[in-house]
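Open the model in a viewer and keep the sequence panel beside it. The stops below go from the whole chain to single residues.

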Amino acid sequence: MSEPILPPIGMLAELTHRCPLQCPYCSNPLELLKANRELDTQTWLDLFSQAADLGVLQVHLSGGEPTLRRDLEQLIAGLSARGVYTNLITAGIGIAEGRIEAFAEAGLDHLQLSFQGARPATTDRIGNHRGSHEKKLETARRARVAGLPLTINAPIHRHNIEEVPEFIDLALSLDAERLEIANVQYAGWALANRDALMPDLAAVYRQADVVATARERLAGIINIDFVTPDYFATYPKPCMGGWARDAFMVTPDGTVLPCHAAQTIPSLRFERFGERTLAEIWTDSPAFNAFRGTEWMQEPCRSCERREVDWGGCRCQAMAIAGDAAATDPACIKSPIHTRMAMLIDAALAEATPAADENGAENFIFRRIGATTRPDVSDHPPIHQPPSMATLRSR
C-alpha cells in the first residue's frame, strides 16, 4: 500500500538568478535564467497563495539576489497576509536606504545574510566584488535596527574553512540569533569549481572540532547549525527532508522541483506552475512521486533500519555517481559503490588547483549570467550535498 502524501511545510522560492556577486560556489545551475524568464508579480502571488492553501508554513525568498526584484515588498506582504513565515536569503549588497525597513513593515519575519569570508579580503575575493564585506556589515546592522532576527550564513570551502572561528566571532558581533556553517554543495557552479574549492579531510575535522566546542560554550547565546559534507559522511542526509516529503523549491521561471539539483536526473520531467496547480504538481506529478516514500527503494535501502531516517539520501548524487537515480546514495557506507565516493574525493584533491595563478589572477570560474562559454564539467561527476532543512524548520 502506498504511503499517504502529506502537505509540504516549507518552500524555497528562487525569485531571480540575477546577483551582484559572482560566487564560484553557487549552487544555481550553469544555465542561469535572465530577467525576461522570471515570473511576474501576480504569478508569484498566485503561486504563494496556492502554497498557503496547500499547507506551506514557511517560504524562503532566495535567488540569485532576491532584493533585485522591485516587487519584493509586495511579495512579502502577500505571504504575510496569508500568515506564512518569510525568510529573506540575501547577499546584502546594494540594498537601497530604507528598503530593509520596508521589508520589515511588509511583514518579513527573518533575514539570512551570507558572508563569503569572515575577513574582508576573503569576502571580496570570493564574491568578486570590491567592498562587499563592509556592505554586508551595514545590512546586518540595518536589519537588527529594524527588529529583524538575523542568521549569518557561512558557505565553507577550502579558501575560508580556517576562518570558522572568526565566523563565530563575526556572528556574535552582529547580534545574530543563528549561524549556519554550511559546507558547500558540489552542484552547479560549485561543481565547475570543485578542484579549486574542496577542502581536505584534516581541515574538515578541525572545523568540526571548532564548531562542537563553540556550540557548548555558546549554548543559550547563539544557535550554530553545522551542515556537514556528505562526501566525508558515513550515512547520507535526507535531501530536503526526503524527496517531495515536506518541502519543495521553485525556480525563477516557475519550474517546481523537489530539490536544487533534481533537473540533473534526465529521466524526469518537471512541470511549471501554471501548467497545473501547485497542489496537482505536489500530489500527482510523476517526477515528485518517483522517489517519494520508501516503495521505490532498492536493496540495501529497502530493508535498512534507516530508510525512514535519511529517506534514501540524495537521488541526484546516486544518478551522478552510480548512474542510477534509484541506487543507494554512494555517500552511505552500505552502498556497494561507497568506495567510489572516496576515489572521487581523492581524485579531486589530487587535481586541486590554487585560487590564483602565479600572476595573482583568479582561477575561479565566476558565476555570470549570459556567459559566452559554459564551464566543462563532463569530467566532474557531482559530489552533491543536499540542502539543509535547518533553515526551513527554524523560527
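The tour starts with the chain as a whole and then turns to a few annotated cysteines.

Note before selecting anything that this is a predicted model. Show the protein chain as a cartoon: its secondary structure comes to 14 helices and 9 strands. Colour by accessibility next; of the 395 residues in the protein chain, 56% are buried. Switch to a surface, and the exposed area is about 16200 Å², with 51% of it supplied by carbon and sulfur atoms. For the contacts, take pairs of residues at least 6 apart in sequence: 74% of these contacts join residues at least 24 apart.

Now select Cys19, Cys23 and Cys26, which an unreviewed UniProt entry annotates as "binding site".

Centre on Cys19. This residue is in the loop that runs between strand E1 (10-14) and helix H1 (41-54). Is Cys19 buried or exposed, or something in between? Cys19 counts as partly exposed because its relative accessibility is 26%, and the partly exposed class lies between 20% and 50%. Show its surroundings, leaving out neighbours within four places in sequence: Cys19 is in contact with Gly64, Glu65, Leu68 and Arg367.

Move on to Cys23, in the loop between E1 and H1. Its relative accessibility is 9%, so Cys23 counts as buried, the cut-off being under 20%. Which residues does Cys23 touch, not counting those up to four places away in sequence? They are Gln116, Ile126, Gly127 and Arg367.

Finish by selecting Arg367, which is in contact with Cys19 and also with Cys23.

Conventions. Residues numbered from 1 in each chain as written. Predicted model: local features only at pLDDT ≥ 70, side-chain atom pairs only at ≥ 80, totals over all residues. Heavy atoms only, no water. Helix = DSSP H or I, 4+ residues; strand = E, 2+ residues; numbered from the N terminus. Buried < 20%, exposed > 50% of the residue type's maximum accessible area, 1.4 Å probe, protein only. Contact = heavy atoms within 4.5 Å. Areas by Shrake-Rupley, 256 points an atom, 1.4 Å probe, with all protein chains shown as cover. UniProt positions renumbered as here; feature names shortened; annotations may be inferred.
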